[in-house]
Amino acid sequence: MKAFKTPIKMQRSRNSKMIFIVTTFILAFSFSNKTMAQQKNQIVRFAKIQVDPSQLEKYNAALKEQMTTAVKVEPGVLTYYAVADKSNPSHITILEIYADTAAYLSHIQTPHFKKYKETVNNMVKSLELVDLTLIGSAKKPGM
């Protein structure tokens, strides 16, 4: 024999569903506001670098070591992407994203960053730092 829900149990079920929906909405909204606030504080920058072509391999090795270490040990270093111009590999652009100004200022005082700067000092022909404003981002899950 089937049990039928009484009107009171049905009302509780509806109230529970409504509370769940409203709570989910509030949590999602608060997290998205928090994410937006965090993004507003982020330092987003391109570093445009011209490297002495004869020292490109050494430069790339030093850069990879610095980037890997920074992302691994510094919570405020969020992203590093380094790319080379296909037609001129000694022209390198790095996308850097830091949680905030304090994270960036801390980063440039770390031993691994100072080692990188000292190592590449005579390899870099020019450096241009371009501060950017993040408009938005999209990426596939898990990336």
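Which strands each supply at least two residues of the lining of the largest pocket? They are strand S2, which spans residues 77-85, and strand S3. Keep those two strands in mind, since this tour will come back to them. Please also remember along the way that what you see above is a predicted model.

Let us begin with the overall layout. The protein chain contains four helices and four strands. If you start at the N terminus and follow the chain, its elements come in the order α-β-α-β-β-α-α-β. The chain has 143 residues, and 24% of them count as buried. Take the contacts between residues at least 6 apart in sequence: 73% of these join residues at least 24 apart. Several of the pairs we are about to visit link separate parts of the chain, as you will see.

Back to the pocket. The largest pocket encloses about 420 Å³ of space. Its lining is made up of 16 residues, and those nearest the centre are Thr-79, Tyr-81, Ile-97, Ser-137 and Lys-139. Strand S2 gives the largest share of this lining, namely three residues.

Now step over to Glu-96, a residue of strand S3, which covers residues 88-98. Leaving aside residues up to four places away in sequence, Glu-96 touches Ile-43, Val-44, Arg-45, Ala-47, Thr-79 and Tyr-80. One of these, Thr-79, is also among the residues nearest the centre of the largest pocket. Glu-96 is buried, yet it has no salt bridge. Why does its nearest side chain of opposite charge not count as a partner? That side chain belongs to Arg-45 and is 5.0 Å away, whereas a salt bridge requires the nitrogen and the carboxyl oxygen to be within 4 Å. Glu-96 does have a polar partner, though: its side chain and that of Tyr-98 are joined by a polar contact of 2.5 Å.

Arg-45 itself is worth a closer look. The structure holds two salt bridges, and one of them brings together the side chains of Asp-131 and Arg-45, at 2.7 Å from N to O. The two residues sit in distant parts of the chain, 86 residues apart, with Arg-45 in strand S1 (residues 43-51) and Asp-131 in strand S4 (residues 124-132). Their surroundings differ as well: Arg-45 has a relative accessible area of 9% and so is buried, while Asp-131, at 54%, is exposed.

Glu-65 and Lys-115 form a salt bridge too, and their closest N and O atoms are 2.8 Å apart. Here the partners come from helices: Glu-65 lies in helix H2 (residues 56-73) and Lys-115 in helix H4 (residues 111-120), so the pair ties together parts that are 50 residues apart in sequence. Both ends are partly exposed, with a relative accessible area of 42% for Glu-65 and 46% for Lys-115.

Our last stop is Ala-103, in helix H3 (residues 101-107). Its relative accessible area is 11%, so Ala-103 counts as buried. Setting aside residues up to four places away in sequence, Ala-103 touches Glu-74, Gly-76 and Tyr-98. We have already met Tyr-98, as the polar partner of Glu-96. Ala-103 and Pro-75 lie 28 residues apart in sequence, while their C-alpha atoms are 8.0 Å apart in space.

Key. Residues are numbered from 1 along each chain as its sequence is written. This is a predicted model: local features need pLDDT of at least 70, side-chain atom pairs count only at pLDDT 80 or more; totals for chains, interfaces and linings use all residues. Side-chain values use heavy atoms; hydrogens and water are left out. Buried means under 20% relative accessible area, exposed over 50%, partly exposed in between (1.4 Å probe, protein chains only). Lys and Arg count as positive and Asp and Glu as negative; His and the chain ends are not counted. A polar contact is a pair of N or O atoms within 3.5 Å; within protein, one must be able to donate a hydrogen and the other to accept it, and residues adjacent in sequence count only if both atoms are side-chain atoms. Contact means heavy atoms within 4.5 Å. On a 1 Å grid over the protein atoms alone, a cavity is a set of points where a 1.4 Å probe fits but cannot get out, and a pocket is an open set with protein on both sides within 12 Å along at least five of seven lines; lining residues have an atom within 4 Å of a point. Grid points are joined across faces, edges and corners, and a volume is the space filled by probe spheres set on the points.
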